[in-house]
Amino acid sequence: MLPAEQLPVLSWSEWQPLPAPAGPGNAEVLAETLDGGQAFRWNRQPGDVWFGVWSGCVAEIRLTKYGCQWRAPAVLRVSVSKKIIRYLAADQDPAAQVDRLPWRSDAHLARCLQAFPGLRILRQPFGETLLGFLCSATKQIVQIKQMMALLARRHGAEIVPGIHRLPTWPELALLTEAELRACLLGFRARYIHQTALFLAAHPGWLEETEGLPYAEAKARLCSLPGVGEKVADCVLLFGAGRLEAFPVDVWIIRTMGLRYGLQGWKPAQIAHFGRTHFGPLAGLAQQYLFAAERRAKKTRI
DNA sequence: TGACAGGGGGTGT
DNA sequence: ACACCCCCTGTC
């Protein structure tokens with residue numbers, strides 16, 4: 001990612017309040033929302049300002065004592081203002097959703113909800129979310145962000161001077177596997193290349209998938225090379241607003257083992273337990289458990 | 001400051 | 001169960 005001082009000077013709009021029912025309660029929650037594994041194109045600038053890019057949008061976000069604020073490059077102000085609410089799921093009422101989780105009968109969940117007030121699930125562009133999580137296998141956030149940054153800089157259209165969007169799937173289909181490998185993708189390059197060719201051969205397939213019921217959408221995603229259950233659930237949760245999706249990764253396996261006594265359970269068993277125990281908003285619960293477990297690991301608890 | 005293991009938010013066979 | 005691919009991180 002380009003350091004701020006190397007970015008061409010941009011003319012920014014004024015800071016605008018984000019009309020959110022209940023925004024991130026503190027800086028850590030904002031960081032966890034934007035840079036906690038849902039999205040891979042947000043970077044912290046000096047002064048706790050977050051700089052991010054999604055589809056054709058560029059924005060900065062900060063937390064003040066008056067609440068969450070955003071601004072965009074002046075030329076993008078109108079288009080970003082129309083899209084940022086949906087992207088940040090600020091049109092949802094997270095407090096009401098959280099209240100529907102079984103925290104009354106689950107003390108650990110209650111602690112996690114309290115520990116990250118205002119944490120929310122983003123509503124990212126579907127195609128970009130698929131790309132990001134196709135890159136995520138056995139990679140940590142910082143490495144995935146490097147891949148995304150390289151893909152954007154080398155193969156994505158320039159939105160404003162010096163800032164590029166990610167390549168779209170039709171654009172990815174024009175790249176060779178070698179060009180993808182050069183973006184640090186490793187064995188993931190083949191998955192992305194083959195997925196791009198498939199999508200190019202099936203126009204509308206991705207858009208149709210986004211609109212299907214959860215189970216059908218997940219099955220279709222899982223038919224793509226490099227997409228298994230975990231990746232499919234992440235794409236549906238973070239890129240399609242399907243809060244029933246319950247991605248089971250090593251962090252959730254760890255949490256369910258440590259906090260719920262499910263040591264030795266297989267991922268499919270944990271997925272079943274999670275859907276049953278947490279209900280139709282299991283994915284929201286998952287994000288709180290995930291954030292809490294990452295914090296626990298950082299502080300060696 | 002630099003080399004060297006070790007391991008990594010998963011999928012496919 | 002293990003390969004896939006190779007970058008990051010911690011450590012010496």
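**Exercise 1.** List the residues in contact with L134, leaving aside its neighbours within four places in sequence.

*Solution.* Two residues are in contact if their C-beta atoms, placed from the backbone, lie within 7 Å. With that cut-off, L134 is in contact with R188, Y191, I192, T195, G226, V227 and V231. This is a predicted model, in which local features need pLDDT of at least 70 and side-chain atom pairs count only at pLDDT 80 or more, while totals for chains, interfaces and linings use all residues. Residues are numbered from 1 along each chain as its sequence is written, and chains are lettered from A and ligands numbered from 1 in the order in which they are written.

**Exercise 2.** Place the largest nonpolar core relative to domain 1 and domain 2.

*Solution.* A nonpolar core is a set of buried Ala, Val, Leu, Ile, Met, Phe, Trp, Tyr and Cys residues joined through C-beta atoms within 7 Å. Buried means that 20 or more other C-beta atoms, placed from the backbone, lie within 10 Å of the residue's own. The largest such core has 81 residues, and L134, M148, I192, V235, A285 and Y288 have the most contacts inside it. Domain 1 (4-92) and domain 2 (126-240) both contribute residues, so this core lies between them; the domain bounds come from an automatic or database domain assignment.

**Exercise 3.** Find how the buried residues of α13 are arranged around the helix.

*Solution.* Helices are DSSP runs (H or I, at least four residues), numbered from the N terminus. In α13 (residues 250-260), the buried residues are I252, T255 and M256. Down the helix axis they fall within an arc of 95° (taken from the directions from the axis to the C-beta atoms), so they line one face of α13. Their cover includes α14 (267-278) and α15 (282-298).

Note on methods:
A residue is buried if 20 or more other C-beta atoms lie within 10 Å of its own, exposed if 12 or fewer, and partly exposed in between; C-beta atoms are placed from the backbone. Helices (H or I, at least four residues) and strands (E, at least two) are DSSP runs, numbered from the N terminus.
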